[in-house]
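Visitor: I'd like a quick tour of this one. Could you walk me through it?

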Amino acid sequence: MEDLKLETIAVERPAEGVVVATLDRPDRYNSMTVTMFRELEQLAFALGDDDEARVLILTGAGKAFCAGYDLDDADELANLTVLGMLERQEHAARGLQAIRSLRIPVIAAVNGAAAGGGLSLALAADIRLAARSAKFNAAFVRIGLSAGDLGASWLLPRIIGPALASEIAYTGRFVFADEAERIGLANKTVDDDALLGEAVAMAKLICANSPGGVQLSKRALQANMEITSYAAALELENRGQALLTRGSDMPEALAAFKEKRAPKFTGS
Ligand SMILES: CCCCCCCCCCCCC[C@H](O)CC(=O)SCCNC(=O)CCNC(=O)[C@H](O)C(C)(C)COP(=O)(O)OP(=O)(O)OC[C@H]1O[C@@H](n2cnc3c(N)ncnc32)[C@H](O)[C@@H]1OP(=O)(O)O
């Protein structure tokens, strides 16, 4: 990760196993550009190769989390053919998919406005913590686009239910932090100045557990949102558990329990 040089995302490691990626275009409310989409993929590839990375925290610099597509770039889209536009959408979607499919848990520390593609990015995280000043907005319909954008139409109804997802997608209204917590769009709402600390504290709790156990739990929870049958879900779970019992972390956890000490997990 050390040689990862990104233009639109700042990467820090505040604690063992914890990586914080901060969208770093505060003057444009961290709005998304072709470069940012590419760098989300680069970040994901680097994390995939880094066994020391156990949790990713995604947040924004300045007042916003992410304001979605950079509307100042919209003019250049007019010159694209339909296939050229499709390529741009697919390129952007690959960036979001790279983050969502990370084997390690992703916590979105939503520090302000998460609008349009910024909402899609927050939804791609496994956990969302919201600052009191956070506001979520499916801005799409206000600028002539659909909420079928960067995974939002698949994730939103699965997170908050189809009726609320429909209301938020069709009205384009804001969901402020308190409502976000009440409807499950945010796991928890905290004071703005406590947000990153809360995210790092949760990340440390996760890092104290077996990395294999956490990562296969994520794989099962995400896969089972797509698997339609209980039997298929059990099959996937059984394979994960069988795999983990062959590793060294489970015997280490059992020994630590008997010896009344903290386990030392290696992820092997
Ligand atoms: C027309 C777009 C077509 C895109 C087609 C597809 C492109 C192909 C590839 C990309 C695929 C990704 C597609 C993406 O997911 C689609 C979207 O994201 S669509 C939604 C785009 N975003 C928005 O519509 C949100 C617009 N912004 C707002 O609603 C508000 O600014 C806010 C984010 C809710 C914050 O509100 P406030 O707190 O009141 O702040 P201000 O409004 O005063 O803004 C402050 C400051 O930030 C600048 N800014 C805000 N949003 C953007 C933005 N999206 N792009 C660029 N700049 C933005 C704003 O201009 C202010 O700057 P200042 O005027 O102070 O210099």
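Visitor: Before the rest, what share of the accessible surface of the protein belongs to carbon and sulfur atoms?

Guide: Keep in mind that this is a predicted model, where local features need pLDDT of at least 70, side-chain atom pairs count only at pLDDT 80 or more, and totals for chains, interfaces and linings use all residues. Residues are numbered from 1 along each chain as its sequence is written, and side-chain values use heavy atoms, with hydrogens and water left out. The accessible surface (Shrake-Rupley method, 1.4 Å probe, with only the protein chains shown counting as cover for residues) comes to about 13,700 Å². The carbon and sulfur share of that is 57%.

Visitor: How many helices and strands does the protein have?

Guide: Both are DSSP runs numbered from the N terminus: helices are H or I with at least four residues, strands are E with at least two. On that basis, the tally is 11 helices and 10 strands.

Visitor: And why does the protein count as compact as a globular protein of that length?

Guide: The yardstick is the globule rule, 2.2 Å times the number of residues to the power 0.38, with the radius of gyration taken over C-alpha atoms. For 268 residues the rule gives 18 Å, and the protein is close to that, so it is as compact as a globular protein of that length, with a radius of gyration of 19 Å.

Visitor: What percentage of the residues is buried?

Guide: Buried means under 20% relative accessible area, exposed over 50%, and partly exposed in between (1.4 Å probe, protein chains only). Of the 268 residues, the buried ones make up 47%.

Visitor: Which residue forms a salt bridge with Arg-103?

Guide: A salt bridge here is a side-chain nitrogen of Lys or Arg within 4 Å of a carboxyl oxygen of Asp or Glu, and the closest N and O atoms of this pair are 3.5 Å apart. The pair links distant parts of the chain, 52 residues apart: Arg-103 sits in the loop between α3 (82-100) and β5 (106-110), its partner in the loop between α1 (34-48) and β3 (55-60). Arg-103 is partly exposed at 27% relative accessibility, while the partner is exposed at 58%. That partner is Asp-51.

Visitor: Which residues are joined into one network with Arg-173?

Guide: Start with the salt bridge between Arg-173 and Glu-167, whose closest N and O atoms are 2.6 Å apart. Arg-173 is partly exposed at 24%, and Glu-167 is partly exposed too, at 34%. Salt bridges that share partners join Arg-173 with Glu-167 and Glu-179.
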